[in-house]
Amino acid sequence: MKQAMKRVITVTPNPAIDLSYHVAGITPGASHRVAAPLSRAGGKGLNVARVAHQLGHPVLVLAPSGGTAGAEFAAELLSSGVPHRLIPVAAETRRSIALVDTVGGETSIFNEEGSPLQSSEWQALAAAVVDALDGQSAGVLVGSGSLPPGAPADFYPALVRLAHDAGIPAVVDTSGPGIIAAAQAGADLLKPNNHELLEATGESSLDVAARRLIALGAKTVLVSAGAEGMLAFHHAAPGGYWSARLPEPLSGNPTGAGDAGVAAAAVALAAGFTDITDIPGILRRATAWSAAAVLMPVAGEISPLYADLEDQLILSWKETL
């Protein structure tokens, strides 16, 4: 029997204040007059939680926060109404800047790297995760985003182990060596984009690269492939993969689209949809939510048209050699 309304717990080890500027055309080397930016607490795990919360699913955000920017981060998150627990740290919370070209239809993102945390602060974040997993309300643990310099190399594998110790699925959305480490730890779902997947594995084929993560221990791999939609690979379906895409690509702001897809998958896993027969439905919902995020001006929200977009999707099974 499927569970219902279990909490989606997100961990964002390197959060940011997201600043989104909308510019009517960008000319390199020129000056541009812009309106004040949209400013909000951000980071990939925050975006996941915001989308799930928007659609009425219980969530809990866990993240470090520090300095003047951290105070702004905490104040905005409090006003948003998204349930959260912030771990005070000495390092200044970073900023992320998105320049949305409303004429060219492209978005350029500038991400600060982030500052190192102290070992005691990493321990406090881990303790907050353990505390959040205690009891019967947790349905899935999501670890999202980059790691700041000096982060524990096993941060994401440790999250996977904590989730499994609590008897719930683990979802990881990161890049670089973190994807490999999370796969080796047995993550239930990994969600790289096509560029991250190929770069992390060193492969030239998405199919081969995803199968490598599954061979390492991942159960399911969802791959965002831009205008091609989204692909789903599962350990129990070695003969191919599922593909979901819209008839025509959408124009808009792609920032946070992948996070919306993670939110859809996390909500499904939290409700107990973990069988191979559930994968096409998870892929369909994740692709629709991801597309609906493109229609919004900022990350962490999806358009109310998500159900209509889901109806338009072309879902197919692709056999591989």
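These exercises walk through a helix, some salt bridges, a surface patch and a proline in a predicted model.

Residues are numbered from 1 along each chain as its sequence is written. In this predicted model, local features need pLDDT of at least 70, side-chain atom pairs count only at pLDDT 80 or more, and totals for chains, interfaces and linings use all residues, while side-chain values use heavy atoms, with hydrogens and water left out.

**Exercise 1. Helix H3**

Task: Find which residues of H3 are buried, and say where they sit around the axis.

Solution:

Step 1. Locate the helix. H3 covers residues 119-133. Helices (H or I, at least four residues) and strands (E, at least two) are DSSP runs, numbered from the N terminus.

Step 2. Check its length. H3 has 15 residues and reaches 21 Å from its first C-alpha to its last, close to the 21 Å expected at 1.5 Å a residue. The expected span is 1.5 Å times one less than the number of residues.

Step 3. List the buried residues. They are Glu121, Trp122, Leu125, Ala128, Val129, Ala132 and Leu133. They cover an arc of only 135° around the axis, so they lie on the same side of H3. The arc is taken from the directions from the helix axis to the C-beta atoms. Buried means under 20% relative accessible area, exposed over 50%, and partly exposed in between (1.4 Å probe, protein chains only).

Step 4. Look at the other face. Turned away from the buried side are the exposed residues Ser119 and Gln123.

Step 5. Find the cover. It includes strands E1 (7-11), E4 (59-65), E5 (84-88) and E8 (138-144), plus helix H4 (155-165). Contact means heavy atoms within 4.5 Å.

Step 6. Look just past the end. Gly135 takes a positive phi of about 105° there.

**Exercise 2. Salt bridges**

Task: State how many salt bridges the structure holds, and place three of them.

Solution:

Step 1. Count. There are eight salt bridges. Each is a side-chain nitrogen of Lys or Arg within 4 Å of a carboxyl oxygen of Asp or Glu. Side chains of opposite charge can pair when their charged atoms come close.

Step 2. Take Glu301 and Arg40. Their side chains meet at 3.3 Å, N to O. Glu301 lies in the loop between H9 and H10 and Arg40 in strand E3 (residues 38-42), so the pair ties together parts 261 residues apart in sequence. Glu301 is partly exposed at 23%, whereas Arg40 is buried at 14%.

Step 3. Take Asp131 and Arg85. Their closest N and O atoms are 3.5 Å apart. Asp131 is in helix H3 and Arg85 in strand E5, so this pair joins parts 46 residues apart in sequence.

Step 4. Take Arg285 and Glu310. They meet at 2.9 Å, N to O. Arg285 is in helix H9 and Glu310 in helix H10, 25 residues apart.

**Exercise 3. A patch and a proline**

Task: Name the residues of the nonpolar surface patch, then describe the setting of Pro169.

Solution:

Step 1. Find the patch. Leu250, Leu295 and Leu305 make a nonpolar patch of about 220 Å². Patches use residues with over 30% relative accessible area and no salt bridge: like charges are joined within 9 Å, nonpolar side chains (Val, Leu, Ile, Met, Phe, Trp, Tyr) within 5 Å. Areas come from the Shrake-Rupley method with a 1.4 Å probe; for residues, only the protein chains shown count as cover.

Step 2. Place Leu305. It sits in the loop between helix H9 (279-294) and helix H10 (306-312). Its relative accessible area is 42%, so Leu305 is partly exposed.

Step 3. Turn to Pro169. Its loop runs between H4 and strand E9 (170-173). Pro169 is buried at 12%. Leaving aside neighbours within four places in sequence, its contacts include Gly139, Leu141 and Leu269.
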